[in-house]
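Student: I am new to this structure. Could you help me see how its labels are earned?

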Amino acid sequence: MPQTDYATLTPSSPPRLRVEGLGVAFRVGGREIPAVEDVGFTLATGETLALVGESGCGKSVTALALMRLLPPSARLLGGIAELSGVDLLGLPEKEMRRRRGQELAMVFQEPMTSFDPVYRLGEQLLEAIYAHEDVSYPVAYNRVEESLAAVGLPDPAGIIRRYPHELSGGMKQRAMIAMALLENPGLILCDEPTTALDVTIQAQIMELLARLRDERGLSLLFITHNLGLVAGFAHRVAVMYAGSIVEVATVEDLYSQPSHPYTIGLFASVPRLEGGKGRLVPIPGVVPPLGDFPPGCKFANRCRRVAQLCREKRPELADLGNTHAVACHFPGGDDDRTG
Ligand SMILES: Nc1ncnc2c1ncn2[C@@H]1O[C@H](COP(=O)(O)OP(=O)(O)OP(=O)(O)O)[C@@H](O)[C@H]1O
Ligand SMILES: [Mg+2]
């Protein structure tokens, strides 16, 4: 799989995307329940950041907040999301609509929900161009054809005439990526783009995303609950737990020195080919319910290292050096520490 050389990225230059203090709550039965709290990260040009965590931890809500596509019951509690220096969260809706597609686009897990079943694919891709640009039909048509060819779909002219249900899952996901690329945005948010696909097709889509990223210098936020997909694809990983980022590091550092007890637990619960031991160790306990977060660390009730401090004070994401940050009062690989 093609890899961007992380050394050629310039972390010292301003990142393409800078998210800070992002918070989102949902109104449920008269109560406001936080789903994402104080989430922050950066994404350089050409870089891939994987956002990893269990179901319900806030990955999709984070991406939807950046796209400004949260459902009406959601409320933005605060934060900034600067794309090339402009805070998306503060933009008037009209300005945001222009940027959606042109500067950032999202690829969803289930392309069927993104395409309208009653229109041919060509019409939907053309519409996506016309929403942004006043171009002639031949210009738009050529762009659609080029985009379908760029994602490796054979016979783009034939695809243009087809309805979404006439394509296989993998082809639909390619068409979805082609639609995201139509206006040549610099940032693509991929929300579990391969989860609904079988393993062979999944690998092909990952390869396609890596190639497009490397050819076009795309920044990718790659959301997955599957840690196994991350190595060899992402440059850095942010691990989310119960609405917060608990650890962020390069893939190499995260795999060799996971430092948050939750990350360590995640690795222990992933089946591995190497190592031979093969025993899966699920993390005991359950995620605290939204709206019922403890005052201290949200992972305290499941943590083998929990100490009094952990129950009293929420740990902040602190830099361990080398761009490896962890939100834990007692970080490190020694999982037997009891505090
Ligand atoms: N429309 C909504 N109304 C109320 N709560 C919601 C809504 N959408 C999401 N949530 C809550 O916000 C939390 C985060 O949801 P989110 O969809 O971001 O999780 P996720 O990490 O993407 O999970 P998954 O891996 O299952 O996709 C969840 O606990 C969910 O219950
Ligand atoms: Mg999700």
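Student: Where in the model is Glu192 found?

Tutor: Glu192 is found in the loop between strand E7 (187-191) and helix H8 (199-216). Helices (H or I, at least four residues) and strands (E, at least two) are DSSP runs, numbered from the N terminus. Before we go on, this is a predicted model, in which local features need pLDDT of at least 70, side-chain atom pairs count only at pLDDT 80 or more, and totals for chains, interfaces and linings use all residues. Residues are numbered from 1 along each chain as its sequence is written, chains are lettered from A and ligands numbered from 1 in the order in which they are written, and side-chain values use heavy atoms, leaving out hydrogens and water.

Student: Why is Glu192 called buried?

Tutor: Buried means under 20% relative accessible area, exposed over 50%, and partly exposed in between (1.4 Å probe, protein chains only). Glu192 has a relative accessible area of 9%, so it is buried. Its phi is near 45°, a positive value in a residue other than glycine.

Student: What makes a positive phi worth pointing out?

Tutor: Most residues other than glycine have a negative phi. Arg68 is another case: it is not a glycine, yet its phi is positive, about 60°. Arg68 lies in the loop between H1 and strand E4 (74-83). With a relative accessible area of 24%, Arg68 is partly exposed.

Student: How do you know whether Val118 and His235 are buried or exposed?

Tutor: Use those cut-offs again. Val118 has a relative accessible area of 57%, so it is exposed; you will find Val118 in the loop between helix H3 (111-114) and helix H4 (121-130). His235 has 5%, so it is buried, and its place is in the loop between strand E8 (219-224) and strand E9 (236-241).

Student: Why is H1 described as largely enclosed by the rest of the structure?

Tutor: Eight of the nine residues of H1 are buried, so the description fits. Among the buried ones are Lys59, Val61, Leu64 and Met67. H1 (residues 59-67) also gives the largest share of the shell around ligand 1, three residues.

Student: What makes a residue count as near ligand 1?

Tutor: A residue is near a molecule if one of its heavy atoms lies within 4 Å of it. There are 14 residues around ligand 1, and Ser55, Gly56, Lys59, Ser60 and Val61 come nearest.

Student: Which atoms of Ser60 and Val61 lie 2.8 Å from an oxygen atom of ligand 1?

Tutor: For Ser60, an N or O atom in the side chain; for Val61, a backbone N or O atom. A polar contact is a pair of N or O atoms within 3.5 Å (within protein, one must be able to donate a hydrogen and the other to accept it, and residues adjacent in sequence count only if both atoms are side-chain atoms). At 2.8 Å, the Ser60 pair meets that distance, so it is a polar contact.

Student: What lines the largest cavity?

Tutor: The lining includes His260, Cys297, Arg305 and Phe330. On a 1 Å grid over the protein atoms alone, a cavity is a set of points where a 1.4 Å probe fits but cannot get out, and lining residues have an atom within 4 Å of a point.

Terms used
On a 1 Å grid over the protein atoms alone, a cavity is a set of points where a 1.4 Å probe fits but cannot get out, and a pocket is an open set with protein on both sides within 12 Å along at least five of seven lines; lining residues have an atom within 4 Å of a point.
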